[in-house]
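Student: I'd like to practise reading a fold from its strands, loops and ligand shell. Can we go through one together?

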Amino acid sequence: MSENLTPLVGMDLPELTALVTAAGQPPFRAKQLHHWLYRLGTREFSEMTNLAKVFREWLEGHCVTGLPRVVDRRESAEDETVKLLLELSDGELVESVLMRERDWWTVCVSSQVGCALGCTFCTTGAGGFRRDLTCGEIVGQVIEARRLVPDGEFLRNIVFMGMGEPLLNPTAVTGALRILTDPDGMAVASRRITLSTAGIVPELRRLSEKDLGINIAISLHGVCDEERNKIMPIGRRWPIAEILAACREFGLRPRRRITFEYVLLGGVNDSDAHARALGKLLRGMPCKINLIPYNPSKVLPYRRPSMDRVNRFQDILLHQNYTVCVRFSKGLDVDGACGQLAGRHRNGADS
Ligand code: SAH
Ligand code: SF4
């Protein structure tokens, strides 16, 4: 039944205008609909009270808002992180994570159900790929997360660091970016959005050409191809040198820098020599480095390095004059931290 209904979240104003006009309604109805969907996140047409009743009935018969359904919500006891498990229209599940920073919030969204890239330290990768998300399903995660932000606080940042590789689903992701940053709609500032990629070089270049003004994070995690390819098989397709060349040529807005993420895997890529090699590799690049101590997973064979090791690694890079943050992921206790999103659990039980 619902397969024949058109999902509206994911449509921009011109698309909504075409739909509204086809339904015999005046174009201003599209603006009203746009407001209900994106400003207010209204799920039910019956609540869209300024739409003519006959139009609401038409919508009920032909469309759905298409927002994902929150089927589980786990709140961290440690840091106020909330992990949402969302069900899509075909029953697939994805996860989004909402994180608090002072009085603003960041939402981490998924771009695919699963991931095909199989990085050996990532739970999402271990589960394989199921399908791409639609533009509306990406936007829908932000709408559902925003609903949970307390009054007086606001959702400021969006990071594409959930399940999936955003640059392997570029059409839906760029469509979502346009909707999320539409000043008449969700109005998220593009400088508050960060897309993280394992390094899909041609798509990175295409993204640069689109000049969307968002920030880029590169999952580097290795200092030479031989070692990186062992933990990130996609490196065989696009080696480090090609990724770094695309980064150097990326059309950054003034005063922006690319972020390089480096997961610290105990005994694998966390030695002093690795830190020095990382500094050497990134020399001359306008960048920030985020060190992410590995978030453990029961199914993966790695360990988190000691705090001393993490500090030492950071110090070596600081001495080379890099901006280096250590990102202790939030939401560890709810499996909501980087690399812990599996999307297969419902009410805590394996399905
Ligand atoms: N596919 C994209 C975005 C999602 S992953 C990418 O790989 O960039 C977001 C970040 O979490 C990436 O930097 C990823 O390498 C990192 N990550 C994956 N598994 C992790 C783990 N177990 N511990 C810490 N970080 C992890
Ligand atoms: Fe996919 Fe990113 Fe996980 Fe690698 S780290 S498997 S690219 S989600």
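Student: Let me start with a single residue. Is glycine 152 buried or exposed?

Tutor: Before we answer, keep in mind that this is a predicted model. The general idea is to look at relative accessible area, where over 50% means exposed and under 20% means buried. Glycine 152 has 77% relative accessibility, so this glycine counts as exposed.

Student: And where does glycine 152 sit in the chain?

Tutor: Glycine 152 belongs to the loop that links helix H5 (135-146) to S9. Compare that with its spatial surroundings: the C-alpha atom of glycine 152 is 8.1 Å from that of aspartate 103, although the two are 49 residues apart along the chain.

Student: Let's zoom out. How many helices and strands are there in the protein?

Tutor: The protein has 11 helices and 16 strands. For overall dimensions, the C-alpha atoms fill a box of roughly 70 × 45 × 40 Å along the principal axes. The radius of gyration is 21 Å, which agrees with the value near 20 Å for a compact globule of 351 residues. Of those 351 residues, buried ones make up 55%. Also, if you take contacts between residues at least 6 apart in sequence, 66% of them join residues at least 24 apart.

Student: Now the sheet. What should I look for, and what is the strand order here?

Tutor: Strands of a sheet pair through backbone hydrogen bonds, in either a parallel or an antiparallel way. In this case there is an open sheet of 10 strands with mixed pairing, ordered S3-S4-S5-S6-S9-S10-S11-S12-S13-S14. Its edges are strand S3 (69-75) and strand S14 (323-326), each of which pairs on one side only. On average, neighbouring strands in this sheet are turned by 25° against each other, direction ignored.

Student: Which strands run antiparallel, for example?

Tutor: Take strand S5 (residues 93-101) and strand S6 (residues 104-108): these are antiparallel and joined by five bridges. To find the register, look at leucine 98, which stands opposite valine 107 in S6.

Student: Does a helix cover any of this, and if so, which strands does helix H6 touch?

Tutor: Helix H6 (residues 170-181) packs on the sheet and touches strand S9 (154-160) and strand S10 (193-197). The direction of H6 makes about 165° with that of S9.

Student: What about the parallel part, starting from S10 and S11?

Tutor: S10 and S11 run parallel, with four bridges between them. Threonine 197 has isoleucine 218 in S11 as its bridge partner. Next along, strand S11 (residues 215-219) pairs with S12 in the parallel sense over three bridges, and serine 219 is partnered by glutamate 261 in S12. S12 in turn pairs with strand S13 (residues 287-293), again in the parallel sense, over seven bridges. Here phenylalanine 260 stands opposite isoleucine 289 in S13.

Student: Why do you call S12 largely enclosed?

Tutor: Count the buried residues: in strand S12 (residues 258-264) seven of the seven are buried, so the strand is largely enclosed by the rest of the structure. Then check both faces. In a regular strand the side chains alternate between the two faces of the sheet. From S12, Ile258, Phe260, Tyr262 and Leu264 point one way, while Thr259, Glu261 and Val263 point the other way, and all are buried. S11 is mostly covered too, with five of its five residues buried. On that strand Asn215, Ala217 and Ser219 point one way and Ile216 and Ile218 the other, all of them buried.

Student: How do I read odd backbone angles, say the phi of glutamate 80?

Tutor: Look for positive phi in residues other than glycine, then ask where they sit. Glutamate 80 has phi near 70° and lies in the loop between S3 and strand S4 (82-87). Its relative accessible area is 42%, so glutamate 80 is partly exposed. Alanine 187 is another case, with phi near 55°, placed in the loop between H6 and S10. At 41% relative accessibility, alanine 187 also counts as partly exposed.

Student: Last one: which residues are around ligand 2?

Tutor: List the neighbours, then sort them by character. Around ligand 2 you find Cys115, Leu117, Gly118, Cys119, Cys122, Gly125, Gly164 and Ala198. That shell splits into five nonpolar and three polar residues, with no charged ones.

Definitions and conventions:
Residues are numbered from 1 along each chain as its sequence is written. Chains are lettered from A and ligands numbered from 1 in the order in which they are written. This is a predicted model: local features need pLDDT of at least 70, side-chain atom pairs count only at pLDDT 80 or more; totals for chains, interfaces and linings use all residues. Side-chain values use heavy atoms; hydrogens and water are left out. Two strands pair if DSSP finds at least two bridges between them. Helices (H or I, at least four residues) and strands (E, at least two) are DSSP runs, numbered from the N terminus. Axes are lines fitted to C-alpha atoms, for helices over the stretch in contact, and angles run from 0 to 180 degrees between N-to-C directions. Contact means heavy atoms within 4.5 Å. A residue is near a molecule or strand if one of its heavy atoms lies within 4 Å of it. Ala, Val, Leu, Ile, Met, Phe, Trp, Tyr, Cys and Pro count as nonpolar, Asp, Glu, Lys and Arg as charged, and the others, Gly among them, as polar. The radius of gyration is taken over C-alpha atoms; the globule rule is 2.2 Å times the number of residues to the power 0.38. Buried means under 20% relative accessible area, exposed over 50%, partly exposed in between (1.4 Å probe, protein chains only).
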